[in-house]
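Student: Could you take me through the nonpolar packing here, and then zoom in on one helix and whatever it packs against? I'd like one connected story rather than a list.

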Amino acid sequence: MTPELLAKNLQTLTQSKRFWVGYSGGLDSHVLLDLTVQAFSHDPDYEVGAVHVHHGLSVNADHWMQHCEKVCSDLQVPLTVLWVDATPLEGESPEEVARIVRYKAWEDFLQSHECLLLAHHEEDQAETILLRLFRGAGPLGLGGMTQKSKLGESDLLRPLLFSSKEKIYEYAKAQQLQWIEDESNLDTRFDRNFLRHEIFPQLSTRWPRVVRSVSRAGALCFETATAVQILAAQDLQEVKGHQEYTLSVRELLKLDPVRRRGVLRCWLQELGFLLPSRDHIERIDREILQAQSGAKPKLKINDYEIRRLKDDLCVKKCEEWV
C-alpha cells in the first residue's frame, strides 16, 4: 500500500472528505495514519485527524495517549481523545466490552459527513473468521469484516483489510515510525491472542498461505450471503400478509424451507429486530407456521414476540402486545 493507492481506494469507497483515523498508537494504526496524512496533505479539499480511545484498562494508558499526542503533533494533524469506561462486569469478556464501548464512543463522536478509518488487516480478518467459525456463525458471519460499513450515519472504512501484517511492518520500518506495544496483546487468555500467537503460527508451518486462504474463503462466504439476502428480499415481496408488516403463512409454506428461513431473517431485519438464532428460526417454522388451523401460537425471542393470527405472521415488541 502506498499513499497514492490509499487515496484512490478511499475516494472509491466514500464521498466523505473528512477522515478520522482510529489511532491506538500501535503499529497498524500508526501506518494507516501516516499513509492517510501523506495521501491528502497537499489536497486542501480533504481533512485528516486522529481519534484515540482511552480505555483506562492499562497502567500504560496515559503513556500511550501522550505518545499519540506527540506523533500527531509531529504530523501536524489534530488528535481527539475519547475517554471511556471499559471495565468489564463479572462474567463479561474484557475484549468484547472494550470493543463495544470503543465503537459506541466513535459513533457518538462522528458527524454524518465524516468517515472513520480503521487499520484492520489480512491477519485480523483471518482471526475474525476463525473466531466466528468456532462460535457457529453462518455465511454472513463467516464473511468477516467488510472494507466498508456504516457506523451510525457515518462511513466506516478498513482500507488495509487486504494488506498483510508483513507489508505493514515493512512500511513502518522504511518510514522509521515509532509505535507502542500493548502488553495485553500478548495475553493468550484472550481468544484472539490465542489464535494469533498459538494457532496461526502452527497452521502456517504446514500451510504457509493459510491466512490468505482463510481470508479468501471469507470473501466467498460474503458473496454467498449477499446472494442469499438478495433472493430473500425478492421472496419477501411475494409473501406479504393482509396487514402491514405481516407475512402470509400460506405463501411462506409454499417456499422451500431454506428460502423460507431466509425470508424470516430478512423480514425481522428490515423491521429492526435482533436476528434470531437458527434454533429460533426453526421453532418459528415448526411451532408457528406449521401449527394446526385455528391455533394461536406465539414465540418470544429476546425483547419481541412473534404470533400467528389466522394467515398473518405478526411481530411486535413484547410490551406492545395487548
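Tutor: Sure. In this predicted model, the largest nonpolar core has 30 residues, and Val31 and Leu117 touch the most other members. Helices H1, H2, H3 and H7, along with strands S1, S2 and S4, each bring in at least two of its residues. H2 (27-40) makes the largest contribution, with seven residues. Take Val31: leaving aside residues up to four places away in sequence, Val31 touches Ile168, Tyr171, Ala172 and Leu177. There's also a second, separate core, this one of 23 residues, with Leu252, Phe273, Ile284 and Ile306 among them.

Ile284 is our way into helix H12, where it is one of the buried residues, together with Ile281, Asp285, Ile288 and Leu289. These residues span an arc of only 120 degrees around the axis, so they sit on the same side of H12. The helix itself covers residues 278-289, and its twelve residues reach 15 Å from first C-alpha to last, close to the expected 16 Å.

What covers that buried set? Helices H10 (249-252) and H11 (257-270) are part of the cover, as are strands S8, S9 and S10. H12 lies across those three strands, running at about 165 degrees to S8.

The strands belong to an open, antiparallel sheet of four, ordered S7-S10-S9-S8. S7 (247-248) and S8 are the edges, each pairing on one side only. Two bridges tie S7 to S10, and Leu247 stands opposite Leu313 in S10.

Notes:
Residues numbered from 1 in each chain as written. Predicted model: local features only at pLDDT ≥ 70, side-chain atom pairs only at ≥ 80, totals over all residues. Heavy atoms only, no water. Expected span 1.5 Å × (residues − 1). Buried < 20%, exposed > 50% of the residue type's maximum accessible area, 1.4 Å probe, protein only. Arc of directions from axis to C-beta. Contact = heavy atoms within 4.5 Å. Core = buried A, V, L, I, M, F, W, Y, C linked by side-chain atoms within 4.5 Å. Pairing = 2+ DSSP bridges. Axes fitted to C-alpha atoms, helices over the stretch in contact; angles between N-to-C directions.
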